[in-house]
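Me: Could you take a close look at one part of this protein for me? I'd like to pick a single loop residue and follow its surroundings outward, in plain bench talk.

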Amino acid sequence: MPRLIWSEASLRDIGGINDFLTKENPQAAARIASGIKSTVLRLLDYPRVGRALGERFRVLGVRTTPYVIIYRLRDGDVEIARIRHGSENWLAEVEGPL
């Protein structure tokens, strides 16, 4: 089974999302955190489920949320690169260095 690796940027993303949503709507924060967690865990069973973005990255939406998980497969493992809001210009980040 592949290992799950979180980049420093993805950990900052999770913290920022949680901080913002907890202040605005704690119930939404819990629901979105749960959705992100279950989607990330699904990648361990189905690592190629996300849409390919060039040769390096893949993207997968988190159901019932506006968030997307940007990840890559590396040496048989799943590395979470970023977790971004779908309305952000996250594609520009993927095209440049992440």
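Reply: A polar contact here is a pair of N or O atoms within 3.5 Å, where one must be able to donate a hydrogen and the other to accept it. Keep that in mind for threonine 65, whose side chain reaches the backbone nitrogen of tyrosine 67 at 3.1 Å. Bear in mind that this is a predicted model.

So where does threonine 65 sit? It's in the loop between strand S3 (57-61) and strand S4 (67-74). Its side chain also reaches back the other way, to the backbone oxygen of valine 62 at 2.8 Å. Is threonine 65 buried or exposed? Buried means under 20% relative accessible area, and threonine 65 comes in at 16%, so it counts as buried. Setting aside residues up to four places away in sequence, threonine 65 touches Arg31 and Ile32.

Those two take us to the helices, but let's lay out the sheet before that. It's an open sheet of five strands in the order S1-S5-S4-S3-S2, with mixed pairing. Strand S1 (4-6) and strand S2 (51-53) are at the edges, and each has a single partner strand, so one side of each is left without a neighbour in the sheet. From one strand to the next, the twist averages 35°.

Now back to tyrosine 67, the residue our threonine reaches through its backbone nitrogen. S4 pairs with strand S5 (residues 77-85) in the antiparallel sense, over eight bridges, and tyrosine 67 stands opposite histidine 85 in S5. Helix H1 (residues 8-24) packs on the sheet and touches S1, S4 and S5, with its direction making about 40° with that of S5. Helix H2 (residues 26-45) packs on the sheet too, touching S1, S3, S4 and S5, and its direction makes about 25° with that of S4.

Tyrosine 67 turns up again in the largest nonpolar core. Of the 15 residues there, Leu43, Tyr67, Ile69, Tyr71, Ile80 and Ile83 touch the most other members. H1, H2, S4 and S5 are the elements giving two or more residues to this core, and H2 has the largest share, with five residues.

If you want one core member to click on, try isoleucine 69. Leaving out neighbours within four places in sequence, its contacts include Ile36, Val40, Leu43, Val59, Ile80 and Ile83, and valine 62 is on the list as well. There's also a second, separate core of seven residues, among them Leu53, Phe57, Val59 and Val68.

How values were computed:
Residues are numbered from 1 along each chain as its sequence is written. This is a predicted model: local features need pLDDT of at least 70, side-chain atom pairs count only at pLDDT 80 or more; totals for chains, interfaces and linings use all residues. Side-chain values use heavy atoms; hydrogens and water are left out. Helices (H or I, at least four residues) and strands (E, at least two) are DSSP runs, numbered from the N terminus. Buried means under 20% relative accessible area, exposed over 50%, partly exposed in between (1.4 Å probe, protein chains only). Contact means heavy atoms within 4.5 Å. Two strands pair if DSSP finds at least two bridges between them. Axes are lines fitted to C-alpha atoms, for helices over the stretch in contact, and angles run from 0 to 180 degrees between N-to-C directions. A nonpolar core is a set of buried Ala, Val, Leu, Ile, Met, Phe, Trp, Tyr and Cys residues joined through side-chain atoms within 4.5 Å.
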